[in-house]
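Work through the exercises below with the structure open beside you. Try each task before you read its solution.

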Amino acid sequence: MVAYDSAALWDARVSSSRGDGEGDGRGNAPDTDWFCGYDKLLPLISHVLERPRCAVLCIGTGTSTFPEQVYDKGAKQVVVVDASAAAMDAVRSRNAEARTGLTVLCGDVAAQPFPLLPQPTQRFDLVVDKGTVDCLLGARDGWRAAERALRELYERMRTPGTLLLVSHSPPHERMDMLASVPHWHDVQFKMVTATSLDKLVTGAEYTEELSDYPYAVEGWEHMQAARLGLKPEELPRRPADAGIEFAPGTAYVYLLER
């Protein structure tokens, strides 16, 4: 089984991509984004980025340009933490002069103690995770590691603060774990659906569509219904054979508010 929680795995991937023509032609690793692009998630977080002294923590983003895009949109300080030293070297090298408010750190967010931040007592308006929790759950003690990371992230959020978490797994597979932090003020469930491979091979253009998760999520029905102007009992119930579950090209987006 692939150890997706292993820093060595991601170091090897970044290093190999530098030498096989996938980079930018100058020996740098290619920019890689998991699940969905920045432009589809921006509408969900733009109100946070508009805060006067907005600080953002991005975890496990690898060589993604997501942190730079958040910075360019208005965040005053962005801290990037990833366990892959090779990925962080790539991000650090391309931002050494252009973005002085972007800090790059190599560390494991599930470790004890938590990676040392530039300001240890700093709190963040926005925390972004695109797949890190998924990777942690693949470890031998994955459930405990993911819960530990979530609690650490919660403690580093301002009030109000937002956790944007993107996963390959739908709510009925994730909410027990996310509920290990019992003090979420609000939760929203979204989906990003990409053009299927079948359509792409026939010449269709690649697109991504952001939408609400269509089914009631047990324990959170009142929040969902209030947002949609419905009664909890009016929310559709997830069928046992729901076709969207774990569908290729589908990402599930969780907006958790402290």
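Two strands count as paired if DSSP finds at least two bridges between them. Keep in mind that the model is predicted.

**Exercise 1. Pair two strands**

Task: Find how many bridges join strand 1 to strand 2, and say whether the two run parallel or antiparallel.

Solution:
- Step 1. Count the bridges: 5 of them join strand 1 to strand 2.
- Step 2. Check the cut-off: a pair needs at least two bridges. Strand 1 and strand 2 have 5.
- Step 3. Compare directions: strand 1 and strand 2 run parallel.
- Step 4. Pick out one bridge: Ala 55 is partnered by Gln 77 in strand 2.

**Exercise 2. Lay out the sheet**

Task: Write down the strand order of the sheet and name its edge strands.

Solution:
- Step 1. Take stock of the chain: it has 9 helices and 8 strands.
- Step 2. Put the strands in order: 8 strands form an open sheet, 3-2-1-4-5-8-6-7.
- Step 3. Look at the ends: strand 3 and strand 7 (208-212) are the edges, as each pairs on one side only.
- Step 4. Look at the twist: neighbouring strands are turned by 20 degrees against each other on average, direction ignored.
- Step 5. Classify the pairing: for the sheet, it is mixed. The link of strand 1 to strand 2 is parallel, whereas strand 5 and strand 8 (residues 250-257) pair in the antiparallel sense over 6 bridges. Leu 165, for instance, has Tyr 254 of strand 8 as its bridge partner.

**Exercise 3. Cover the sheet**

Task: Say which strands helix 2 touches and which strands helix 3 lies across. Then decide whether the residues of strand 1 are buried or exposed.

Solution:
- Step 1. Start with helix 2 (residues 38-49): it packs on the sheet and touches strands 1, 4, 5, 6, 7 and 8. Its direction makes about 165 degrees with that of strand 4.
- Step 2. Move to helix 3 (residues 66-73): it lies across strands 1, 2, 3, 4 and 5, at about 170 degrees to strand 2.
- Step 3. Now test strand 1: buried means under 20% relative accessible area. In strand 1, 5 of its 5 residues are buried.
- Step 4. Sort the side chains: Ala 55, Leu 57 and Ile 59 point one way, Val 56 and Cys 58 the other way.
- Step 5. Set this beside the whole chain: 48% of its 258 residues count as buried.

**Exercise 4. Examine helix 6**

Task: Why does the length of helix 6 agree with its residue count? Then describe how helix 6 packs with helix 7.

Solution:
- Step 1. Work out the span: at 1.5 Å a residue, the 14 residues of helix 6 should cover 20 Å. The end C-alpha atoms are 20 Å apart, so the two values agree.
- Step 2. Set the geometry: helix 6 (residues 142-155) and helix 7 (residues 171-178) pack at about 65 degrees, with axes 10 Å apart.
- Step 3. Name the contact residues: helix 6 gives Trp 143, Ala 146, Glu 147 and Leu 150, and helix 7 gives Asp 176, Met 177 and Leu 178.
- Step 4. Class them: 5 are nonpolar, none polar and 2 charged.
- Step 5. Look further: the buried residues of helix 6 also pack against strand 1, strand 4, helix 5 and strand 5.

**Exercise 5. Spot the cis bonds**

Task: Which residues does a cis peptide bond join, and where do the prolines lie?

Solution:
- Step 1. Recall the background: most peptide bonds are trans.
- Step 2. Take one case: a cis bond joins Gln 112 and Pro 113, with omega about 0 degrees. Pro 113 lies in the loop between strand 3 and strand 4.
- Step 3. Take another: Thr 159 and Pro 160 are joined by a cis bond. Pro 160 sits in strand 5.

Methods. Residues numbered from 1 in each chain as written. Predicted model: local features only at pLDDT ≥ 70, side-chain atom pairs only at ≥ 80, totals over all residues. Heavy atoms only, no water. Axes fitted to C-alpha atoms, helices over the stretch in contact; angles between N-to-C directions. Helix = DSSP H or I, 4+ residues; strand = E, 2+ residues; numbered from the N terminus. Contact = heavy atoms within 4.5 Å. Nonpolar A, V, L, I, M, F, W, Y, C, P; charged D, E, K, R; others polar. Expected span 1.5 Å × (residues − 1). Buried < 20%, exposed > 50% of the residue type's maximum accessible area, 1.4 Å probe, protein only.
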